[in-house]
Amino acid sequence: RTSRTCSIVIIVPILALMFLFYKSQPKVYNKLDYILFSRKKVMTETKTDTQQQQMLRGTAWMTASNIISRLLGALYIIPWYAWMGKQGDQANALFGQGYNIYALFLLISTAGIPVAIAKQVSKYNTLGKMETSFFLLKRILYYMIGLGLIFGVFMYFASPWMSYLSGGDEDLVRVMRSLSWAVVIFPSMSVLRGFFQGFNNMKPYALSQIAEQIIRVIWMLLATFFIMKIGTGDYVTAVVQSTFAAFIGMLASYGVLFFYLWKEGKLKSLFGKQAVHPDINPTAIVIETFKEAIPFIITGSAVQLFQLIDQWTFIRTMEKFTSYSNSQLQVLYAYLSSNPSKITMILIAVAISIAGVGIPLLTENMVKKDLGGAAKLIINNLQLLLLFIVPAIAGSVILAKPLYTVFYGAPDSQALLLFVASLIQVIFLALYSVLAPMLQAIFETRKAINYFAIGVLIKAILQLPLIIFLGALGPVISTAIGLGVPIALMYNRLHTVTHFSRKIVFRKALLICIITMLMVIPVAVFYWLFQFVLSPTSRMGSVIYLVIGGGLGVLVYGVLALVTHMADQLLGARAGRLRAKLHIK
């Protein structure tokens, strides 16, 4: 009865949300545009928009999209994990192992084309050659359909070998093969997203992500409930259906993207007969785009590659140097990777959204040789990132135990330690996710690749010794060190090229750290005192901790950000209006 009630509580609101999305999407999101930016005309960019306004608009849409998508991707785990019963950790480990390989295949199969498309579209639009952008998209779509088929088939037949490397068996093979369907269609879909990004029109991109995640979660929860609570109770089959949901979600994303192509009158330009211009060399444009794409896939694969190094070394190494059984190591791997990633990826999503929005704008400045504008964008990007990620990590670490309990139940000491370590590691993942694309956006791709290679080499060298001596904590530390070195190198190179003020970045970062510490004090005091009233060992009790403690942290940090005017960077003119309402000078 509890499981059925839980399913109704989760599934019915999601279905209602999908209905509202379908029936009132244009009105709702146009209103959201108006609220966010106080503009009557929001469907097209105007020439009077500054780059800062474009960046804020794009960041708002992409941040909202990523947070909503990641929240849905994290919240589903609560009923999903509960329905798996005693096999919860093993099911989540199996899910995570399959998704790590799947994520790398997505990167390889797209060859970095979406970001490169955004960069190239921005370039040709800046040069007044919009017809070249449409021609480029049409030609690249053909290539990406073929590339998706090639890599989808390869993943399907290479699954047994990759399962062996991961310490898995036939169960993991089934999971990876169910994900190969999504690999087939993802490349062409992501190209359409990159096209909108190149126009600095992030709304269709963002809404396609939200639709994809909603449909995916609906499929996952319905399939898991019917299998585990009504059907056979085979958790492996439930995991297979949960991973196959990625394919179903992408079909929904396709629908949203084509809707906006039609709505904005781009379908005819894209698929209609295109004139041949003597100044356009089709082969040269395609080659140029692929040249731009390859570095993006190399540097963009860092997070997935580091996770795969953990997946391919942790279980096999621990089997040789410890007495753990394979099933015990699967659970330990869940503590190390699969369980924390559901939450940490919400934080990293903000970094990815900020980096993606800044790329076309940085490229535009470099094409115009406006180093001052590029320097300002770099500072704004870093400030936006730190403004969110620093307090988010600090608050999550303090409330780590109730946060973990809400998703997976009360943790033991080892699970909690690895969870906290993974939260702290997010700062390295986030900084890398912002700096690497920015470096490539200013045409420093060779340096970005070299720094990436240095980081991977450091990770590979440290991985086995740290696993042997530190156990499950070893991969977390090797990742932090492996990313820390390229972060420092990329930051220095960005300064060398654009001469942005490192003093301003330092002062902004220091101020953010100070107001974060001022936020941490009342949250920590609340957490310590509230333990005498209610222990954070139940899901309901942990929710109370998160609502009160998290709300207190957001309130304190929000007020301090308004007082110090740090919030102006994120909210623009609305920050001033909020200060006036709250009587803050």
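Trainee: How many of the 29 residues of α8 are buried?

Mentor: In this predicted model, 23 of the 29 are buried, so α8 is largely enclosed by the rest of the structure. A residue counts as buried when its relative accessible area is under 20%.

Trainee: What should α8 span, and what is the distance between its end C-alpha atoms?

Mentor: Each residue of a helix is taken to add 1.5 Å, so the 29 residues of α8 should span 42 Å. The end C-alpha atoms of α8 lie 41 Å apart, which agrees.

Trainee: Take one residue of that helix. Is S208 buried or exposed?

Mentor: S208, which sits in α8 (residues 202-230), has a relative accessible area of 0% and is therefore buried.

Trainee: Which residues does S208 touch?

Mentor: Leaving aside residues up to four places away in sequence, S208 touches R193, S253, V256 and L257. With R193 there is also a polar contact between the two side chains, at 3.0 Å.

Trainee: How far apart in space are the C-alpha atoms of W83 and I227?

Mentor: Those C-alpha atoms are separated by 9.4 Å, although W83 and I227 are 144 residues apart along the chain. W83 belongs to helix α3 (residues 77-83) and is buried, its relative accessible area being 2%.

Trainee: For the protein chain as a whole, what share of contacts joins residues at least 24 apart?

Mentor: Counting contacts between residues at least 6 apart in sequence, the share is 81%. The chain has 22 helices and zero strands, and 56% of its 585 residues count as buried.

Trainee: Now the outside. Which residues form a nonpolar patch on the surface?

Mentor: The patch consists of F506, L510, I514, L518, I521, V525, W528, L529, F532 and V533, with about 1100 Å² of accessible area together. An α-helix has 3.6 residues a turn, so residues three or four places apart point the same way. One member of the patch, L518, lies in helix α19 (residues 502-530). L518 counts as partly exposed because its relative accessibility is 42%.

Trainee: How much area does the protein chain expose, and what part comes from carbon and sulfur atoms?

Mentor: About 24900 Å² is exposed, and carbon and sulfur atoms supply 69% of it.

Trainee: What is the phi of F443?

Mentor: Most residues other than glycine have a negative phi. F443 has a positive one, near 65°. F443 is in the loop between α16 (413-441) and α17 (445-470), and at 40% relative accessibility it counts as partly exposed.

Trainee: Where does H499 lie?

Mentor: H499 is in the loop between α18 (473-498) and α19. Its phi is positive, about 60°, although it is not a glycine. H499 is exposed, with a relative accessible area of 57%.

Trainee: Which residue with a positive phi follows α20?

Mentor: That residue is H565, with phi near 65°. Helix α20 itself (residues 539-563) has 25 residues and reaches 35 Å from its first C-alpha to its last, close to the expected 36 Å.

Trainee: Which residues in α20 are buried?

Mentor: The buried residues in α20 are G541, S542, Y545, G549, G553, Y557, A561 and L562.

How values were computed
Residues numbered from 1 in each chain as written. Predicted model: local features only at pLDDT ≥ 70, side-chain atom pairs only at ≥ 80, totals over all residues. Heavy atoms only, no water. Patch = residues over 30% accessible without salt bridge, like charges linked within 9 Å, V, L, I, M, F, W, Y side chains within 5 Å. Areas by Shrake-Rupley, 256 points an atom, 1.4 Å probe, with all protein chains shown as cover. Salt bridge = Lys/Arg side-chain N within 4 Å of Asp/Glu carboxyl O. Helix = DSSP H or I, 4+ residues; strand = E, 2+ residues; numbered from the N terminus. Buried < 20%, exposed > 50% of the residue type's maximum accessible area, 1.4 Å probe, protein only. Polar contact = N/O pair within 3.5 Å; in protein donor to acceptor, adjacent residues only side chain to side chain. Contact = heavy atoms within 4.5 Å. Expected span 1.5 Å × (residues − 1).
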